[in-house]
Amino acid sequence: MAVVASFGVHGCGGAGASHRGGAQTETVTDGGLSMRWYRMMWCRWWLHGGGICLMMSEAWSEIQSVRWWVSIFNLVKANSMLGTSNHSTFLAKDSIRAKSFTRASMNVAVKVSRFNDITMAPPDPILGVSEAFRADTHEMKLNLGVGAYRTEDLQPYVLSVVKKAETLMLDRGENKEYLPIEGLDAFNKATAELLFGADNAVIQQQRVATVQGLSGTGSLRLAAVLIERYFPGSKVLISSPTWGNHKNIFNDARVPWSEYRYYDPKTVGLDFDGMIADIKAAPEGSFVLLHGCAHNPTGIDPTSEQWETIADVIQEKNHIPFFDVAYQGFASGSLDEDASSVRLFAARGMELLIAQSYSKNLGLYAERIGAINIVCSSSDAAQRVKSQLKRIARPMYSNPPIHGARIVANVVGNPDLFNEWKEEMELMAGRIKSVRKKLYDSLSAKDNSGKDWSFILKQIGMFSFTGLNKAQSDNMTNKWHVYMTKDGRISLAGLSSAKCEYLADAIIDSYHNIS
Ligand code: KET
């Protein structure tokens, strides 16, 4: 550390130090001794009512030397003979052009940061839960916060198709050159085909602008910037509740948003009428953010008839549907079935946006692999849209990472691996379904209050929206060491059969004993 002590003189005027990031330093020579002047790290020590500027040395040894103090004294003297105060903290390199001299002071070691005004950000409501979980040493602790798949032993899981694809990649000795801005061609082709089906008209007619993104989040963000840039003032309608990061994404991209009703706590189901009414009431041409399947956090999806009605209203109002597809394959266990909502809209010839993620269905969380697809009414428009998405991506992160893209391209593009992937996904989805059932059974057997817990069985995907409020969720964590988000969501992907009973006890206690 450079600064261990400081000495101040009031009003050392003049010009000098230039901005150089954090610490601005200037070497001045006085009495043969070289010292650094740290302009930014000064404090005000009001001796005799004046400001001070700091002189700081590189090391204690220097400060402790008699010569150092003598030189300080000389400096103060020099300053004290030069004019009046202007409270400037500048020092010239070759001379000290101070104007005031009446006040001198000595400071204790203070290193004041330029970032002092930056306050501590709150922990992330989802990823922050994992941090708290890691710090807990209790043996029964359970992380049901983040939506990440665990094995029955509650260990992270790398899919065997992923390992096989990686082996293939290693064998081929592929290089690590930059990808084009839009990402890996083979990935972009595979991901659009997985979403729409290879024979879909939108693909045949080359009406989809697909750009590889930094997983679901990064892909949503690319689209949000595009909306802000080309549809200024347009609003995005977001379901209430929704995934915790949606609002952040649109806020940071400066896209206005409002909520449409989605969850009805009374029925613990979809507030379909409220949803339709709110989409109808929104200004014409709004973007409507929809969860393609396995709605997060509620686990409640519209039926196919309801999807048709949603599409009707969106068409009537000239809105633009914007799908977030983060769980394709995880809702039903079938990739095609889980894409049916998107395909229904595409089949109507509508223009739409779809963000995809391979975090969950291929377990590629940390590879940050996903895509933004924008279906346009002509291939010409799709090309132009793609060129603008690339323009947005380039100054943000230049081009996307290659590893995850190759894995997806290999798995989707190789019929053997593709079939194996489907089997593995069914296995993952199946394990979640089985703990869902076991949790429901445990709750029903242990809770004598007559409460109906069957909503847990009706919900789909990785999560269960328990209906526990914040205080009850706090009790789950503080008393039972069950980590979950404060909106009452639990990730069943992080639950084992062995811990279902324990979780049921925790839920019953929190639900009945905490209001
Ligand atoms: N959309 C939804 C609906 C979603 O739940 C997630 C992640 C994402 C997009 C983005 O995931 P990505 O890894 O960027 O592709 N949700 C889980 C993790 C998180 O919050 O980041 C979660 O809800 O636990």
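A residue is counted as near the ligand if one of its heavy atoms lies within 4 Å of the ligand. In this predicted model, 16 residues surround the ligand, and S215, T217, N296, D324 and S357 come nearest.

## The ligand and its surroundings

By class, the shell around the ligand consists of 5 nonpolar, 7 polar and 4 charged residues. Helix α7, which spans residues 215-230, gives the most to this shell, with 3 residues. Residues of the shell are supplied both by domain 2 (127-156 + 421-513) and by domain 3 (179-413), so the ligand lies between these two domains.

Several N or O atoms of the protein approach oxygen atoms of the ligand. In G216 a backbone N or O atom is 2.7 Å from a ligand oxygen atom. W243 places a side-chain N or O atom 2.9 Å from an oxygen atom of the ligand, and for a polar side-chain atom of S357 the distance is 2.6 Å. Taken alone, the ligand exposes 520 Å², of which the protein buries 92%.

## Salt bridges

Side chains of opposite charge can pair when their charged atoms come close. A search of the whole structure finds 19 salt bridges. The table lists examples.

| Acidic residue | Basic residue | Closest N to O distance |
|---|---|---|
| D336 | R343 | 3.1 Å |
| D474 | K486 | 3.0 Å |
| D509 | K479 | 3.0 Å |

In the salt bridge between D336 and R343, D336 is partly exposed, with a relative accessible area of 46%.

The salt bridge between D474 and K486 links distant parts of the chain, its two residues being 12 residues apart. D474 belongs to helix α17 (residues 470-478), whereas K486 is in the loop between β17 (482-483) and β18 (489-491). K486 is partly exposed, and its relative accessible area is 38%.

The side chains of D509 and K479 also meet in a salt bridge. This pair, too, links distant parts of the chain: D509 lies in helix α18 (residues 500-513) and K479 in the loop between α17 and β17, 30 residues apart. Is D509 buried or exposed? Buried means under 20% relative accessible area; D509 has 11% relative accessibility and therefore counts as buried. Its partner K479 is partly exposed, with a relative accessible area of 48%.

Beyond these pairs, R172, E174 and R406 are joined into one network by salt bridges that share partners.

How values were computed: Residues are numbered from 1 along each chain as its sequence is written. This is a predicted model: local features need pLDDT of at least 70, side-chain atom pairs count only at pLDDT 80 or more; totals for chains, interfaces and linings use all residues. Side-chain values use heavy atoms; hydrogens and water are left out. A polar contact is a pair of N or O atoms within 3.5 Å; within protein, one must be able to donate a hydrogen and the other to accept it, and residues adjacent in sequence count only if both atoms are side-chain atoms. Accessible areas come from the Shrake-Rupley method with a 1.4 Å probe; for residues, only the protein chains shown count as cover. Helices (H or I, at least four residues) and strands (E, at least two) are DSSP runs, numbered from the N terminus. Ala, Val, Leu, Ile, Met, Phe, Trp, Tyr, Cys and Pro count as nonpolar, Asp, Glu, Lys and Arg as charged, and the others, Gly among them, as polar. Domain bounds come from an automatic or database domain assignment. A salt bridge is a side-chain nitrogen of Lys or Arg within 4 Å of a carboxyl oxygen of Asp or Glu. Buried means under 20% relative accessible area, exposed over 50%, partly exposed in between (1.4 Å probe, protein chains only).
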